[in-house]
Protein chains: 2
Amino acid sequence: MTFSTRELIVREADQIFYEKGFEAASFSDIAAAVGISRGNFYYHFKTKDDILDAVITHRLATTRAMLDDWARQSPSAVDRIMSFIQMLISNQTTIMAFGCPVGTLCSELAKLDHAARTRAAAIFGLFREWLEEQFRELGQTGNASELALHLLARSQGIATLANAFRDEDFVCTEVAALKAWLQSIIDDSSDKNRKERKNECT
Amino acid sequence: MTFSTRELIVREADQIFYEKGFEAASFSDIAAAVGISRGNFYYHFKTKDDILDAVITHRLATTRAMLDDWARQSPSAVDRIMSFIQMLISNQTTIMAFGCPVGTLCSELAKLDHAARTRAAAIFGLFREWLEEQFRELGQTGNASELALHLLARSQGIATLANAFRDEDFVCTEVAALKAWLQSIIDDSSDKNRKERKNECT
DNA sequence: TACAAATTGGGACGGTTGTCCTAATTGTGT
DNA sequence: ACACAATTAGGACAACCGTCCCAATTTGTA
């Protein structure tokens, strides 16, 4: 697998924006990481905002691909949502060091009053819509949107506090609570279905 | 009420750090807000980090004072925790614009690998310990710490998504869910107490 | 009123930033 | 081998940053 210089820039910028923040990340940082000169930058991207746009586009694409993978790998909607929750565990180290890539970028761009703010929030939108779809598939047709936002918010809160306190146990406890919450939704739903089925019989 | 120049600087810096972020906030910004010259700054604070330290100290003090007020105004632990939750409503506008002051500062300092990172997280620590105390007073002696962290995390998640999506309804829905969650804890606890009392009678 | 201390404004400093230009190098098709 | 386009490195640039100095001004005090 070989990448063009432009792709390399986007990938390195993505990582550096995540680790240092957009504002604190400089052209020099990215150039050094890619292994090119600062001057060469202008050929690929006119401004720093152009790089940010490309990074967000890249993140939108990789997020979509990840969600598609989850959907492909597990036929059950519960397992798919579990994949989302499990992300907090598999990315635990980087989350404790730098927070959630999406949440922290959105926060920073909001403070900078940056034009790309909306596009960054669209990454959240992908998760939101995907989760919404999974909950709808679980039979939660009426409140799928609320459940999706709720899960998204819980994850964000866990990431923020994990980053602030650097507490591994906290993440494990909260993830367990999140899985229990999901299970309780399924249980409630099947209880309801059973009742409805019973009503149909009478 | 009159403030010294030093106090004015801290207050304005506090606000500007919140709205623009620590890195993006410049001496010029703060000086303009206070109404003093840039040069005069050095007399009160040697470095930008010194200002940050003073701002964090100020936030620690105001947070402590606010928590004390809540404790003083409502004798019941439930109402005190409700005061905390209600904060999401009363600060809704600024949260949607700039996120949570504590969470966003911690995230930024973590990315900057700043020395003041720990001290900023200590503001979270104040809320954590205070909430822990309230839950303990509610009879949740065994899991007061988990409950406190859980509530803190939920609030952070709500703030982050409220900022990203700028959705008022979402905040209201989640705050209602949070209050219901608190109520369910009380109900469970009183159920348990009733059972225990019944057992004592038999 | 006079003197010392506290406080202030204006500006200089070295460094870094994003941006942009240009000359040199590399690659490609004929 | 040649011409032409794509790509590169290096550096210039103006603006801004945090920092720092110093002379002027204000304030407090004897």
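How many residue pairs are in polar contact between chain B and chain A? In this predicted model, the count is 8 residue pairs, with both partners at pLDDT 80 or more. Salt bridges are another story: the rule finds 0 of them across the interface of chain B and chain A.

Now for the contact itself. On one side there are 39 residues of chain B, and they touch 40 residues of chain A. Together the two chains bury about 3,100 Å², and 64% of that lies on carbon and sulfur atoms. Three residues, B:Lys111, B:Leu161 and B:Phe165, supply 21% of the area that chain B buries against chain A, which is more than any other three residues give.

Which elements of chain B give two or more residues to the side that touches chain A? Here they are:

| Element of chain B | Residues |
|---|---|
| α1 | 5-20 |
| α6 | 92-98 |
| α7 | 101-112 |
| α8 | 117-137 |
| α9 | 144-165 |
| α10 | 168-201 |

Of these, α9(B) gives the most, with 14 residues. Sorted by class, the side of chain B that touches chain A has 17 nonpolar, 11 polar and 11 charged residues.

How do the two chains relate in space? Turn chain B by 180°, with 0.0 Å of shift along the axis, and chain B lands on chain A with an RMSD of 0.0 Å. The two copies are thus related as by a two-fold rotation axis. In chain B, the C-alpha nearest that axis belongs to B:Gly157, 1.9 Å away from it. And 100% of the interface residues of chain B are interface residues in chain A too, so the copies meet through the same surface.

Terms used: Residues are numbered from 1 along each chain as its sequence is written. Chains are lettered from A and ligands numbered from 1 in the order in which they are written. This is a predicted model: local features need pLDDT of at least 70, side-chain atom pairs count only at pLDDT 80 or more; totals for chains, interfaces and linings use all residues. Side-chain values use heavy atoms; hydrogens and water are left out. Contact means heavy atoms within 4.5 Å. Buried area is the accessible area (1.4 Å probe) that two parts lose on being put together, summed over both. A salt bridge is a side-chain nitrogen of Lys or Arg within 4 Å of a carboxyl oxygen of Asp or Glu. A polar contact is a pair of N or O atoms within 3.5 Å; within protein, one must be able to donate a hydrogen and the other to accept it, and residues adjacent in sequence count only if both atoms are side-chain atoms. Helices (H or I, at least four residues) and strands (E, at least two) are DSSP runs, numbered from the N terminus. Ala, Val, Leu, Ile, Met, Phe, Trp, Tyr, Cys and Pro count as nonpolar, Asp, Glu, Lys and Arg as charged, and the others, Gly among them, as polar. Copies are superposed by least squares on the C-alpha atoms of residues with pLDDT of at least 70 in both.
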